[in-house]
Amino acid sequence: MIKKIALIFIVFMLILFLINYIGYKKPIGKQLDELSPTLSLDVPSIVYESKFLLKGIASDNMGVREVKVKLDNDNWEKASGTNSWTKTLNLKPGLNTIYIQAFDTSNNASPVLTNEIIYQT
């Protein structure tokens, strides 16, 4: 009887060890996302109207969650769309600095992309 209990205990501990080992080494149904999203855009250096539609592309191996845009020292604002995104900006006369950052579904952030645009009146 004691041998049977000891054997059951050993099998039980082996099963727990294997479950623990598999769980930590290779998550089932889940991929680890360590890649940051990428951004691209084509912005003119000079515009002649204060209202400017900024357009860009964001991509990521697991999916883009959101793109945020900041104009000069204003607050960060969410752009419309994810992979193909837009944001209407109200430029001030002279030099305007635009900052763009994308976030993926794993909350990885792209490097901040900085671009300058001149609104000439």
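Is Y48 buried or exposed? Y48 is exposed, because its relative accessible area is 60% (buried means under 20% relative accessible area, exposed over 50%, and partly exposed in between, using a 1.4 Å probe and protein chains only). Keep in mind that this is a predicted model: local features need pLDDT of at least 70, side-chain atom pairs count only at pLDDT 80 or more, and totals for chains, interfaces and linings use all residues. Residues are numbered from 1 along each chain as its sequence is written, and side-chain values use heavy atoms, with hydrogens and water left out.

**The overall picture**

- The chain has 1 helix and 8 strands (helices are DSSP runs of H or I with at least four residues, strands are runs of E with at least two, and both are numbered from the N terminus).
- Reading from the N terminus, you meet the elements as α-β-β-β-β-β-β-β-β.
- Of the chain's 121 residues, 29% count as buried.
- Take the contacts with a separation of 6 or more: 61% of them join residues 24 or more positions apart (a contact means heavy atoms within 4.5 Å).
- About 8,800 Å² of the chain is exposed, and carbon and sulfur atoms supply 59% of that (accessible areas come from the Shrake-Rupley method with a 1.4 Å probe; for residues, only the protein chains shown count as cover).

**The open sheet**

- Five strands make an open sheet: 5 strands in the order 2-8-7-4-5, with mixed pairing (two strands pair if DSSP finds at least two bridges between them).
- Strand 2 (46–47) and strand 5 (77–78) sit at the edges with a single partner strand each, so one side of each has no neighbour in the sheet.
- Strand 7 (residues 94–104) pairs with strand 8 (residues 113–119) in the antiparallel sense, over 7 bridges.
- Strand 7 also pairs with strand 4 in the antiparallel sense, over 7 bridges.
- I100 is a handy residue to find here: I100 stands opposite L113 in strand 8, and I100 is also the bridge partner of V69.
- V69 in turn stands opposite E77 in strand 5.
- Strand 4 and strand 5 run antiparallel and are joined by 2 bridges.
- The hairpin of strand 4 and strand 5 has 5 residues between the strands, and D72 there takes a positive phi near 50 degrees.
- As background, side chains in a regular strand alternate between the two faces of the sheet.

**The nonpolar core**

- The largest nonpolar core holds 19 residues, and L54, V67 and W85 touch the most other members (such a core is a set of buried Ala, Val, Leu, Ile, Met, Phe, Trp, Tyr and Cys residues joined through side-chain atoms within 4.5 Å).
- Strand 3 (51–59), strand 4 (64–71), strand 6 (84–90), strand 7 and strand 8 each give two or more residues to this core.
- Strand 4 makes the largest contribution to the core, with 4 residues.
- Strand 4 is mostly covered too, as 6 of its 8 residues are buried.
- Leaving out residues up to four places away in sequence, L54 touches several residues, among them V69, W85, I98 and I100.

**A nonpolar patch on the surface**

- Back to Y48: together with I46, L95 and I118, Y48 forms a nonpolar surface patch with about 380 Å² of accessible area (patches are made of residues with over 30% relative accessible area and no salt bridge; like charges are joined within 9 Å, nonpolar side chains (Val, Leu, Ile, Met, Phe, Trp, Tyr) within 5 Å).
- You'll find Y48 in the loop between strand 2 and strand 3.

**Salt bridges**

- The structure holds 4 salt bridges (a salt bridge is a side-chain nitrogen of Lys or Arg within 4 Å of a carboxyl oxygen of Asp or Glu).
- R65, E66 and K68 are linked in a salt-bridge network.
- In that network, E66 meets R65 at 3.1 Å, N to O, and the closest N and O atoms of E66 and K68 are 3.9 Å apart.
- E66 counts as buried at 12% relative accessibility, R65 is partly exposed at 36%, and K68 is partly exposed at 28%.
- K92 and D72 form a salt bridge as well, with the closest N and O atoms 3.2 Å apart.
- This pair links distant parts of the chain, 20 residues apart: K92 is in the loop between strand 6 and strand 7, and D72 is in the loop between strand 4 and strand 5.
- K92 is partly exposed at 39% relative accessibility, whereas D72 is buried at 18%.
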